[in-house]
Amino acid sequence: LVLDTRAVAGDDEMAAPRSTVRRDLLHDIEARAQAKWEETKAFEEDAPAEGTWDGGKYLVTFPYPYMNGRLHLGHAFSLTKAEFSVAFHRMRGEKALFPFAFHCTGMPIQAAAHKLKNEFALYGSPLPNFPTSPPEVVEGGVDAAGGAITIGWRAPTCTGGLALVEYLVLVREGPAGGEWQERARLPASAAEEGQCVARVDGLVVGSQYAFKVRTLLEGGAAGADSRPLAKSPDGKKDLKLMAAGGKAEKESKGGGGGKPKGKPQKVVAKTGGLMHQWDILRAMGLSPAEIVPFVDPVYWLEYFPPLGKTDLIRFGVGVDWRRSFITTDYNPYYDSFVRWQFAKLRAGGFVAFGKRPSIFSEADAQPCMDHDRDKGEGVAPQEYTAIKMRLLEPLPPVLAKFAGSQVYALAGTLRPETMCGQTNAWILPEGEYGAFEAGEGVVYLCAARAARNMAFQDLFPEWGRPKQLATFFGRELLGAAVKAPLCPYERIHFLPLLTISMTKGTAIVTSVPSDSPDDYAAFMDMKNAKKREYYSGQAGAELRAEWIDPFEVVPVLQTPELGEVAAKFMCDKLGIASQKEVEKLKEAHDACYTAGFYKGVMTAGPFAGLPVQEAKLKTKAKMVADGEAITYLEPEGLVTPRSTPDVECVVALVDQWYLKYGEEEWAARVGEHLGGLECYNPAVHKAFRDALGWLGDWACSRSFGLGTRMPWDTQFLIESLSDSTIYMAYYTVAHLLQGSSMFGTDRATAPVAPEQCSEGFWDHVLLGKPYEPAAGEAPVPAAPLASMRREFEFWYPVDMRVSGKDLIPNHLTMSLYNHAAVWQDDPAKYPRSIFCNGHVQVDAEKMSKSKGNFIGLLQACEKWCADATRFACADAGDGILNANFDTTIADRSILSLTAELEWARAALAGSAKDASMRPAGAAATWLDAWFANEMNRLVLAVTEGFASMRFRDALKHAWYGMQEARDRYRSGCVESGLDAELTRRWVERRAPADRVV
C-alpha cells in the first residue's frame with residue numbers, strides 16, 4: 001500500500017522514521033483519550049428500565065483467554081473483530097456491551113506451577129543450575145569414513161549463579177547400562193548465539209552409541225548432565241554409526257551421510273530454547289526472585305488476569321470492566337453459576353456416567369482434553385481391529401520359550417472386511433517389538449505403544465500395566481508361519497516392509513495385495529528374485545522363495561471403475577514398478593480406497609455380495625465374536641499433556657461423567673438452530689455442520705486441576721471446556737454480584753453473598769422461574785434480584801460470538817449444545833451469530849518465539865501504539881484463512897495517522913500549505929457536489945463493511961477511500977479553494993470511522 005503522506009514527509013522518512021516523535025504523539029493522544037473514557041465510564045452499560053428504551057442492543061463476546069501468561073498479538077487480532085463490531089453498533093446509537101473475562105480452569109496453570117516446583121527441586125532456587133538441551137546430531141554430522149558424529153546442543157539458560165566454564169561430551173557405546181566415557185571437551189566461550197557444536201571422533205562403524213553433555217562451572221562446582229541422545233530423530237531406532245549408504249546414516253538429522261562438507265550446520269533444538277518453565281517466565285520479563293511464588297497455582301490466578309486487563313486497556317478496547325471475572329472455585333460466584341449449569345444438564349438427562357474411551361494422561365491419571373494438551377489439540381481416538389494371527393510351531397528361536405502357549409501376532413487394520421485376501425504379513429525388520437502376557441497361556445506380539453494403549457482398555461490382566469515377557473526385533477520373525485483368520489491359505493509368512501511406522505497401529509500389518517497398492521507393490525518386489533535378494537540385505541536376514549512364491553493375489557471385492565484387483569489396476573495405470581514410488585502409491589491408495597469403500601461389493605469372505613461399507617461392520621463383529629480379533633483404540637496422532645510433555649497420552653477406558661453430545665434429539669435441536677445461525681462465511685457454517693456430525697460423548701470430569709467441583713460428585717472437577725459454554729450469560733449479572741472485584745472476593749461491595757447463589761436463585765435470574773431460596777438460606781432482597789433478572793432479559797441472547805476457527809470443533813459447538821439444553825424451551829436465548837477468523841501470521845510467517853517474531857500485546861502497543869496496531873489488525877484480513885499482520889503497515893500507519901491529523905488541524909485553521917479555504921459566501925463549484933456525494937457513498941460502503949464483518953473493506957473505504965476523495969477535491973480546488981463546511985464534514989465523518997478501528 002502506498003500512503004499519500006507528501007504533505008508531511010519524504011520517501012526516506014516513510015520508509016524508516018528517524019525518531020519516535022510521531023509515535024509518542026499518538027501515545028499521548030491515546031493516554032488522554034483513555035483517561036477520559038475511564039472518567040466518563042464510556043463503556044459501562046446497564047440495562048434500561050423496562051419500557052424506556054427502543055434503540056436496540058448489541059452484546060458481543062470473545063472466548064476468555066487462558067491466563068498462564070500475558071496476552072499476545074494472536075489474542076489481539078481475534079478480539080479486534082469483536083471490538084470493531086461493538087464500536088460500530090455503539091456509534092449507531094445502540095446500547096452496546098463488550099464484557100471480558102479470564103479463564104483459569106483446567107490443568108495448564110497447575111501443570112506449569114508443578115513443573116516449576118519440580119525444576120526448583122531438581123536444579124535449585126531461585127537460580128536453577130540447568131543442564132544443556134538434549135544433544136542432537138547436526139545436519140551433515142555423520143562421518144562414517146572418519147569414524148565421527150558431530151552433535152550440537154543449546155547452552156543452559158541458567159547455571160545457578162556460577163559462570164559456565166566448559167562442556168564435557170560423554171559417550172556410551174552399546175546398549176543402556178554401559179559405562180559413560182569422556183570423549184570431547186568444549187570451552188563455554190565456543191558457543192555461538194547460545195548454540196554449541198562438537199565432533200566426536202574414534203567411533204566404530206556398526207556400533208550403537210549414546211551421547212550426553214555435562215557442564216562444568218567456575219571453582220570446580222558440579223554442573224548438570226543433559227538428557228542422553230540414544231535414538232534416531234524419529235525415536236524408533238537405536239543410534240548407530242553406519243557405513244556410507246547405511247540406514248542409520250541416512251536417518252541422522254537432515255540425512256546426507258558421509259563426511260560433512262565444510263562446517264556442520266548448527267543445531268536447532270526441538271524445544272525452541274525454552275526448555276523449562278523457569279525460562280518461559282523469564283521470557284515474560286520476570287526476575288528470578290519474582291518467579292519463586294509461581295510454584296503456587298493460585299498465584300498465577302492473582303498475577304496474570306490483572307495484567308491482561310491492563311494490557312487491554314492500553315490497547316483501547318471498549319470493555320465494561322465491571323463485568324470481568326476469573327473462573328475456578330477461587331471465584332465463588334462463578335463457581336456457583338457453573339454448578340447450577342451442570343445441575344440443569346444432569347436434570348435434563350444430558351449427563352451420564354460410565355466407562356468411556358478418552359485421551360488419557362498417565363502422569364495425571366485422568367482424561368486429557370483439548371485445552372490440557374501440549375500437542376495434539378483436536379486429536380481423537382482411532383479404533384483398530386487387531387487381527388489375531390496365531391504363530392505356528394515351531395516358534396522362532398526368540399519366542400521358543402513360549403512353546404505350548406497361544407502366541408498371537410496382532411495385526412492392526414482399518415479394513416477387516418478384506419482379511420479374506422491375505423497373502424502374507426508385514427513386519428519392520430529393525431523395529432523393536434514386545435511379547436505381552438494377555439492371560440493364562442496367551443501371548444500377544446505387537447509394538448509397545450499399541451500394547452500400552454490396550455492395557456488401558458481392559459485388554460490385559462492388569463489395567464494400565466502391560467506385562468512384557470520378551471523384546472525382539474522384527475527381523476527375528478521373518479519367515480515365521482502364522483494362521484490368519486479368514487485367510488484362504490492355511491499358513492502365511494512374515495515378510496519385511498520398511499515403511500511400517502512403530503508409532504501407528506500395532507506395527508504388524510496384514511497384506512492384501514488385491515486391494516492395497518502398497519501391499520501389491522511390495523508383494524511383487526518380493527516375487528522378484530533380484531529384489532528379494534536386495535531386501536534380504538536391507539532386512540538383515542535371508543528371504544526364502546518358499547515364503548512368497550506359492551502365494552498369489554486373492555480378489556476380495558469388485559468396483560465398477562477398478563475391477564476385481566483394484567491395486568494391480570492402479571499400479572499398472574500409474575506405472576508403479578516398486579514399493580519405493582511413494583507419491584504414486586499414495587495416489588493409487590486414495591483411488592482404491594474411495595472406489596472400494598463407497599462403491600465396492602464383496603466377492604469373497606463370509607459376507608460376499610454385500611456392499612463393502614456394510615460388510616466392514618459385520619466382518620469386524622463376527623471376528624470379535626469368534627475370538628479371531630480384538631478392537632482397541634489409540635490416539636489418531638501424537639498427544640502429550642502440558643504436565644508431562646515428554647510422555648505420550650493413550651486412549652483409556654475410565655469411569656467418568658460425560659456429556660451426551662451427539663444424542664439424536666439434542667443434536668437435532670442444535671441442527672435446527674444452526675440452520676438460522678448467522679456465520680458470515682459459508683466455510684464456517686460447513687465447519688459447524690461437520691462438527692455437529694462427529695462430536696459425540698465428551699468427558700466432562702477430571703480428578704485434578706483447577707476448576708469447579710461436580711455438584712453431585714465432588715471427587716470430580718468439571719473439565720475446562722465443559723465449564724466454558726454458557727458463561728456469556730454470567731456477564732449479564734457479574735457486576736451486580738461481585739462488587740468491585742474480578743475475583744469475587746470483595747464481600748464489602750457485593751450485594752449478594754455467594755452462599756445465596758443457590759439453584760433457586762439462578763433458576764429465577766436466568767430462567768425466569770419463581771424465586772425459591774433453599775431451606776435455611778437468607779433470601780436475596782427483591783431489588784437486586786429484579787435488577788439481575790432485568791439485566792439478563794435485556795442483554796441476552798449474545799448477538800455475536802467472535803472466535804478463532806480452531807474452537808469450532810469443540811468450544812463453539814459445545815456452546816450451541818449447552819444453550820439448547822439449558823434454554824431448551826426458549827430458543828430466543830440461543831446465540832444469534834458467530835464470527836470465526838483464521839490464525840494471524842506476522843509478516844507472512846507463523847508467530848513463534850523461536851523465529852523471533854512473537855509479539856506480546858503490550859509490546860505492540862509500546863512499539864507502534866494502540867491505533868497503529870489496530871490499524872494493522874484491520875488490514876490483516878477477515879476470512880477463515882490465515883491473516884497477515886504486516887509490520888510495515890503498522891510502521892507506516894504511524895506516519896499516516898499523524899500526517900492526516902496535522903493536515904486536518906492546519907486545514908481547519910486555514911494554515912494548510914497545500915490548501916486554502918474559500919472565502920465565505922463564495923459560489924459553490926461542481927466539485928463540491930461531487931465531494932459531498934463521494935463522502936456519502938463511502939459512508940454507505942463503510943457501513944456495509946462493518947455490518948458484514950469485512951473490516952479490511954471498511955478500512956479501505958474509511959481511510960484510503962476518504963483520503964483519495966479529499967486529495968482529488970483538494971487538487972481540483974487549487975484556484976477556488978476548499979469549501980470550509982465540506983472540509984469540516986470530511987474531518988468529522990472520518991474521525992468516527994477512525995475511532996471504530
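Start your tour by selecting T385, which stands opposite T413 in β14. Before you go on, note that this is a predicted model, in which local features need pLDDT of at least 70 and side-chain atom pairs count only at pLDDT 80 or more, while totals for chains, interfaces and linings use all residues. Residues are numbered from 1 along each chain as its sequence is written, and side-chain values use heavy atoms, with hydrogens and water left out.

**Stop 1: β13 and its partners**

Stay with T385 and look for another partner: T631 in β24 also stands opposite this threonine. Strands here are DSSP runs of E with at least two residues, helices are runs of H or I with at least four, and both are numbered from the N terminus. Two strands pair if DSSP finds at least two bridges between them. Now colour β13 (381–391) and β24 (residues 629–635), which pair in the antiparallel sense over 7 bridges. Add β14 (406–413); it is antiparallel to β13, with 6 bridges joining the two. Finally, bring in β19 (residues 481–483), which is joined to β13 by 2 bridges and also runs antiparallel. To find this pairing, select L391, whose bridge partner in β19 is V482.

**Stop 2: two cis peptide bonds**

Follow the chain out of β13 into the loop that leads to β14, where you will find P394. The peptide bond between E393 and P394 is cis, with omega about -5 degrees. Then jump to P126, in the loop between α4 (108–123) and β3 (136–143). Here, too, the bond is cis: S125 and P126 are joined with omega about 0 degrees.

**Stop 3: T506 and its surroundings**

Next, select T506 in the loop between β20 (492–496) and β21 (508–511). Is this threonine buried or exposed? T506 is buried, at 1% relative accessible area; buried means under 20%, exposed over 50%, and partly exposed in between, using a 1.4 Å probe and protein chains only. Show the residues in contact with T506 (heavy atoms within 4.5 Å). Leaving aside residues up to four places away in sequence, they are L410, A411, G412, Y433, C446, A447, A450, M454 and Y632. Draw a distance from the backbone oxygen of L410 to the side chain of T506: a polar atom there lies 2.7 Å away.

**Stop 4: positive phi outside glycine**

Move to T328, in the loop between α8 (297–314) and α9 (332–347). Its phi is near 85 degrees, a positive value in a residue other than glycine. T328 is buried, with 1% relative accessible area. Then select D458, in the loop between α10 (448–455) and β18 (468–473). This aspartate is not a glycine either, yet has a positive phi of about 65 degrees. D458 counts as partly exposed, at 43% relative accessibility.

**Stop 5: the cysteines**

How many disulfides are there? A disulfide is counted when two cysteine sulfur atoms lie within 2.5 Å, and by this rule the count is 0. Select C649 and C368 together: the sulfur of C368 is the closest cysteine sulfur to that of C649, but at 4.0 Å the two are too far apart for a bond. C649 is buried, at 1% relative accessibility. End your tour at C836, which is in no disulfide; its nearest cysteine sulfur, that of C679, is 7.2 Å away. C836 is buried as well, with a relative accessible area of 2%.

Terms used. Polar contact = N/O pair within 3.5 Å; in protein donor to acceptor, adjacent residues only side chain to side chain.
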